[in-house]
Amino acid sequence: MIELYVFPPSPRAFKVMAVATYLGIEPTLHTLDLINGDQKSPEYAALNPNMRMPTLKDGDYVLWESNAIMQYLASKRPESGLLPSDEKGRLDVTRWQFWDLAHWDPTCAVFLFENVVKSVVLKSGEPDAAAIAKATESFHRVARVLDGRLKGKKFVVGDRLTVADFSLGAPLSLAEMGRIPVEPYREIKRWYGTLRALPAWQKTQAECALPAAAAA
C-alpha cells in the first residue's frame with residue numbers, strides 16, 4: 001500500500017496527487033498541517049529529515065522530493081507513458097523536471113508565498129513589493145523559455161503527456177490567487193488549459209482547494 005504525506009494546498013503536493021489520480025493509483029493520504037508543525041514531529045522527521053513534504057512510503061521504501069515521487073509512481077504504470085521507457089525520452093522529461101526545480105518552481109513560489117501564504121494562510125501581512133518585483137523579472141525570463149518550448153507542441157516534450165507537464169503545471173493551479181503574471185504567454189495558457197481539462201487535474205484541484213474560511 002502506497003502512502004503519501006502531503007499538505008494538499010501546496011503545488012508540490014498537488015503534482016504527486018494528480019499523477020497518482022491520473023494513473024489510477026489510490027494512495028493512503030496523510031495530511032500534514034505545516035502551520036502547526038506536523039512536519040517537525042520526530043515520527044515524520046524519521047521519514048523525511050528535511051521535514052518537508054511530500055513523502056512517499058511504499059512498504060519499507062521511503063522516497064522524498066516531489067519529482068522523484070512522480071517518477072516512481074509513473075514507473076508503476078509504464079503503459080501510461082508518463083515516464084518514457086527510452087533513454088533519451090526519459091532524460092528529456094527529467095531535464096524539464098530539473099529545470100522546474102532550478103528555475104520555474106522557485107520563481108512561482110515567491111508569488112504564491114507573498115500573495116497566498118502570507119495573506120491568506122498565515123494572515124501575516126501584505127506582500128513584499130520588492131520580492132514581487134524581483135520575482136516578476138525572473139518569471140518573465142523563465143516563462144519565455146517555457147513558452148518558446150511549447151510552440152508547436154501539445155505538451156512539454158511533444159505530443160505525449162508526461163510527468164514533466166504535471167511538474168510544471170502544478171503552480172499554475174494557484175496562478176490567479178497567486179497573481180502569477182502568465183497573461184502574456186499564449187502557449188503556456190493554451191498548454192495549461194489542456195492540463196486543466198484532465199479529469200485527474202480537476203479532481204486534484206478540488207482536493208487541494210484552500211478551505212473557504214481560509215480563502216475568505
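Asn67 sits in helix α3, which covers residues 66-76, in what is a predicted model. This asparagine is tucked away from solvent: its relative accessible area is 6%, so Asn67 counts as buried, the cut-off being under 20%. Its side chain still finds polar company. A polar atom of that side chain lies 3.1 Å from the backbone oxygen of Gln97, and the side chain also makes a polar contact of 3.3 Å with the side chain of Asp100. Setting aside neighbours within four places in sequence, the residues in contact with Asn67 are Lys15, Gln97, Asp100, Leu101 and Ser167. Gln97 and Asp100, the two polar partners, thus turn up again in that contact list.

The helix that carries Asn67 also has a place over the sheet: α3 lies across β1, β3 and β4, and runs at about 130 degrees to β4. The sheet itself is an open one, built from four strands in the order β2-β1-β3-β4, with mixed pairing. At its edges stand β2 (28-31) and β4; each has a single partner strand, so one side of each is left without a neighbour in the sheet. From one strand to the next, the twist averages 20 degrees.

Moving into the pairings, strand β1 (residues 2-6) and strand β3 (residues 55-58) run antiparallel and are joined by four bridges. Tyr5 has Thr55 as its bridge partner in β3. On the β4 side, four bridges again do the joining, this time between β3 and β4 (residues 61-64), and this pair is antiparallel too. Thr55 has a bridge partner here as well, namely Trp64 in β4, so Thr55 is bridged to Tyr5 on one hand and to Trp64 on the other. Lys57, for its part, is bridged to Val62 of β4. Two residues separate β3 from β4 in a hairpin, and Gly59 in the turn has a positive phi of about 65 degrees. As a general point, strands of a sheet pair through backbone hydrogen bonds, either parallel or antiparallel.

Away from the sheet, helix α9 (residues 199-208) has Ala200, Trp201, Thr204 and Cys208 as its buried residues. Viewed down the helix axis, these fall within an arc of 95 degrees, so they line one face of α9. In general, an α-helix has 3.6 residues a turn, so residues three or four places apart point the same way. The other side of α9 holds Pro199 and Ala206, both exposed. As for what the buried residues meet, they pack against α1 (11-23), α6 (163-169) and α8 (186-196).

One of those packing partners, α8, is home to Trp191. This tryptophan has 0% relative accessibility and therefore counts as buried. Leaving out neighbours within four places in sequence, its contacts are Leu146, Leu150, Lys154, Phe155, Val156, Asp165, Leu168, Gly169 and Leu172. Trp191 is also brought together with a part of the chain 44 residues away in sequence: its C-alpha is 9.3 Å from the C-alpha of Asp147.

Definitions and conventions. Residues numbered from 1 in each chain as written. Predicted model: local features only at pLDDT ≥ 70, side-chain atom pairs only at ≥ 80, totals over all residues. Heavy atoms only, no water. Buried < 20%, exposed > 50% of the residue type's maximum accessible area, 1.4 Å probe, protein only. Polar contact = N/O pair within 3.5 Å; in protein donor to acceptor, adjacent residues only side chain to side chain. Contact = heavy atoms within 4.5 Å. Arc of directions from axis to C-beta. Axes fitted to C-alpha atoms, helices over the stretch in contact; angles between N-to-C directions.
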